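Work through the exercises below with the structure open beside you, and try each task on your own before you read its solution.

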Amino acid sequence: MKKRMIFLGPPGSGKGTQAGKVAELLKIPHIDTGSMLREEIAAGTEEGKTAEKYINQGQLAPASLVIQIIKNRLSRPDTKDGFILDGFPRSLEQAEGLDAILKEINEQIDYVFNIDLEEQILVDRMAYRKSCKNCAQKYNMKFNPPKADNICDICGCELTQRADDNVETAAKRIQTYKKETEPLINYYTKKGLLINIEGNRQIAEIFHNILSVLGIMNVPQYK
Ligand code: AMP
């Protein structure tokens with residue numbers, strides 16, 4: 001059955017990790033606006049130049065920009081069997097923009113997973129987060145470090161840290177989340193779509209929790 005989902009949650013909650021795992025299992029696109037914006041920055045586009053200023057200050061990029069990115073992405077045929085929106089929408093304006101896009105393409109959202117986590121844990125998770133330059137495998141230098149210093153266990157390439165994953169910007173991103181994004185919990189609760197997921201657990205445990213909500217049981221390779 002077609003599954004169209006949103007993953008909500010504060011920065012550092014692990015929503016990207018879970019969204020990636022669910023998308024891989026269901027073979028549906030993982031649409032992550034943060035990564036898409038970082039790709040625009042790396043490619044040196046006008047959109048990237050605009051977004052970079054906001055990202056480096058822990059603020060939201062302009063809604064019109066991300067809504068257009070999502071509109072283009074959802075028009076691609078690989079979304080026909082479902083999709084996961086990770087990090088979008090992030091404000092009421094974006095949620096309303098998404099509603100308008102969905103109406104136009106005659107789609108709807110089936111589940112909104114809200115990955116919940118205490119604030120104190122979030123900054124630590126972001127400040128120690130690194131990923132492989134080559135295969136994008138994620139690490140936490142404090143809680144889940146690689147075997148060799150700064151080297152990916154999987155492919156042996158160097159690890160890198162996102163420009164906005166430092167203590168100062170992480171704290172600002174949490175503030176932005178509270179002001180702009182948290183109201184979406186109420187927005188999607190009213191629509192009867194919100195599912196709260198306790199985020200302070202092992203990755204596999206959270207994953208199984210999400211799969212059970214989706215009615216997917218017995219996935220032995222993901223134990
Ligand atoms: P993320 O990778 O999801 O943590 O996003 C990193 C940064 O990209 C955020 O702190 C924002 O500055 C920007 N960003 C990502 N998604 C959005 C969005 N939907 N709306 C506005 N800004 C976004």
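**Exercise 1. Polar atoms around the ligand**

Which ligand atom does a polar side-chain atom of Arg90 lie 3.0 Å from? Continue from there to a description of the shell around the ligand.

*Solution.* Keep in mind from the start that this is a predicted model.

Step 1. Beginning with the side chain, we find that a polar atom of Arg90 lies 3.0 Å from a nitrogen atom of the ligand. The protein covers 96% of the 480 Å² of accessible area that the ligand has on its own.

Step 2. Turning to the backbone, we see that an N or O atom of Gln59 lies 2.5 Å from an oxygen atom of the ligand, while a backbone N or O atom of Ala61 lies 2.9 Å from a nitrogen atom of the ligand.

Step 3. The shell can now be described as a whole: there are 16 residues around the ligand, and those that come nearest are Thr33, Gln59, Ala61, Gly87 and Gln94. Sorted by class, the shell has 6 nonpolar, 5 polar and 5 charged residues, and the element that gives the most to it is helix α2 (residues 33-43), with 4 residues.

**Exercise 2. Two residues of one helix**

Decide whether Thr176 and Arg173 are buried or exposed, and list what each of them touches.

*Solution.*

Step 1. Locate the residues: Thr176 lies in helix α7 (residues 167-181), and Arg173 is found in helix α7 as well.

Step 2. Apply the cut-off, by which a residue is buried when its relative accessible area is under 20%. Thr176 has a relative accessible area of 9%, and therefore it is buried; Arg173 has 10% relative accessibility, so Arg173 also counts as buried.

Step 3. List the contacts, leaving out residues up to four places away in sequence. Thr176 touches Gly58, Gln59, Leu60 and Thr181, whereas Arg173 is in contact with Pro11, Gly58, Met126, Arg129, Arg162, Asp164 and Asp165.

Step 4. Look at one of these partners in detail: the side chain of Arg173 makes a polar contact with the side chain of Asp165, at 2.9 Å.

**Exercise 3. A sheet of three strands**

In what order do the 3 strands of the open sheet lie, and which residues stand opposite one another?

*Solution.*

Step 1. The order is β6-β5-β7, and the pairing is antiparallel. The edge strands are β6 (138-140) and β7 (159-160), each of which pairs on one side only.

Step 2. Take the β5 and β6 pair, in which strand β5 (residues 129-132) and β6 are joined in the antiparallel sense over 3 bridges. Arg129 stands opposite Asn140 in β6, and Ser131 stands opposite Lys138 in β6.

Step 3. Follow the chain between these two strands: β5 and β6 form a hairpin with 5 residues between them, and Ala136 in the turn has a positive phi of about 70°.

Step 4. On the other side, β5 and β7 pair in the antiparallel sense over 2 bridges, and the bridge partner of Cys132 in β7 is Leu159.

**Exercise 4. Unusual backbone geometry and the loops**

Which residues does a cis peptide bond join, and where do Lys27 and Asn150, which have a positive phi, lie?

*Solution.*

Step 1. Recall the general rule before looking for exceptions: most residues other than glycine have a negative phi, and most peptide bonds are trans.

Step 2. The cis peptide bond joins Phe88 and Pro89, with an omega of about -5°, and Pro89 has its place in the loop between β3 (82-86) and α5 (92-104).

Step 3. Lys27, whose phi is near 55°, is found in the loop between α1 (15-26) and β2 (30-32). Its relative accessible area is 72%, and since exposed means over 50%, Lys27 is exposed.

Step 4. Asn150 has a positive phi of about 65° and lies in the loop between β6 and β7, yet Asn150 is buried, with a relative accessible area of 18%.

Step 5. Phe143 lies in the loop between β6 and β7 too, but at 53% relative accessibility Phe143 counts as exposed. The C-alpha atoms of Phe143 and Met217, which are 74 residues apart along the chain, are separated by 29 Å.

Technical notes. Residues are numbered from 1 along each chain as its sequence is written. This is a predicted model: local features need pLDDT of at least 70, side-chain atom pairs count only at pLDDT 80 or more; totals for chains, interfaces and linings use all residues. Side-chain values use heavy atoms; hydrogens and water are left out. A residue is near a molecule or strand if one of its heavy atoms lies within 4 Å of it. A polar contact is a pair of N or O atoms within 3.5 Å; within protein, one must be able to donate a hydrogen and the other to accept it, and residues adjacent in sequence count only if both atoms are side-chain atoms. Accessible areas come from the Shrake-Rupley method with a 1.4 Å probe; for residues, only the protein chains shown count as cover. Ala, Val, Leu, Ile, Met, Phe, Trp, Tyr, Cys and Pro count as nonpolar, Asp, Glu, Lys and Arg as charged, and the others, Gly among them, as polar. Buried means under 20% relative accessible area, exposed over 50%, partly exposed in between (1.4 Å probe, protein chains only). Contact means heavy atoms within 4.5 Å. Two strands pair if DSSP finds at least two bridges between them.
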